[in-house]
Amino acid sequence: MKKEVSCGAVTFDEDGKVLIIKHLKGHIDIPKGHIEGNETKEETAIREVKEETNIDIEIDNSIKPTMITYSPKDGVIKDVYFFVAKALTHDTKPQEEEVSHAYFVDPKEALNLLTFDNAKDVLKYALNEKCISIN
């Protein structure tokens, strides 16, 4: 079994909207990607959000990252660490090679749009840690 590690960030703007992406393959997710070289998990999350969306972020170190594990394909197990972050910029530009859209949406809308249940769980964790209610 091959082990992979990726990192990403649930990113909120100043209005409490959350950053999501639509991949060229059609699924909607939270920005994330593989660790490169000697990067830390935080550095990977910051780079991946920037690469996929053009948004600069600042990690909220008062909130512990959460992790999900899944198998993206046969013979591979993947751990993904998600940080909670705030957007420092707001003009999105999707990464042409992977992403068709990058946008900020209301958290309740994001929960409806996210394709995978584990991504929804990650967003719920971030909302709970930030004491944001979506009722």
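**Exercise 1.** Which residues have the most contacts inside the largest nonpolar core, and how many residues does this core have?

*Solution.* First, a word on the model: it is predicted, so local features need pLDDT of at least 70 and side-chain atom pairs count only at pLDDT 80 or more, while totals for chains, interfaces and linings use all residues. Residues are numbered from 1 along each chain as its sequence is written, and side-chain values use heavy atoms, without hydrogens and water.

Step 1: A nonpolar core is a set of buried Ala, Val, Leu, Ile, Met, Phe, Trp, Tyr and Cys residues joined through side-chain atoms within 4.5 Å; buried means under 20% relative accessible area with a 1.4 Å probe, protein chains only.

Step 2: The largest such core has 20 residues, and Val-10, Phe-12, Val-18, Ile-20, Ile-30, Leu-114 and Leu-123 have the most contacts inside it.

Step 3: At least two residues each come from E1, E2 (18–23), E7, H2 (107–113) and H3 (117–129); helices (H or I, at least four residues) and strands (E, at least two) are DSSP runs, numbered from the N terminus. H3 gives the most, five residues.

**Exercise 2.** Find the partners of strand E1 (residues 2–12).

*Solution.* Step 1: Two strands pair if DSSP finds at least two bridges between them.

Step 2: With E7 (residues 76–87), E1 pairs in the parallel sense over 11 bridges; here Glu-4 has Lys-78 as its bridge partner.

Step 3: With E4 (residues 32–34), E1 pairs in the antiparallel sense over three bridges, and Ser-6 stands opposite His-34.

Step 4: Now check the cover: eight of the 11 residues of E1 are buried.

Definitions and conventions. Buried means under 20% relative accessible area, exposed over 50%, partly exposed in between (1.4 Å probe, protein chains only).
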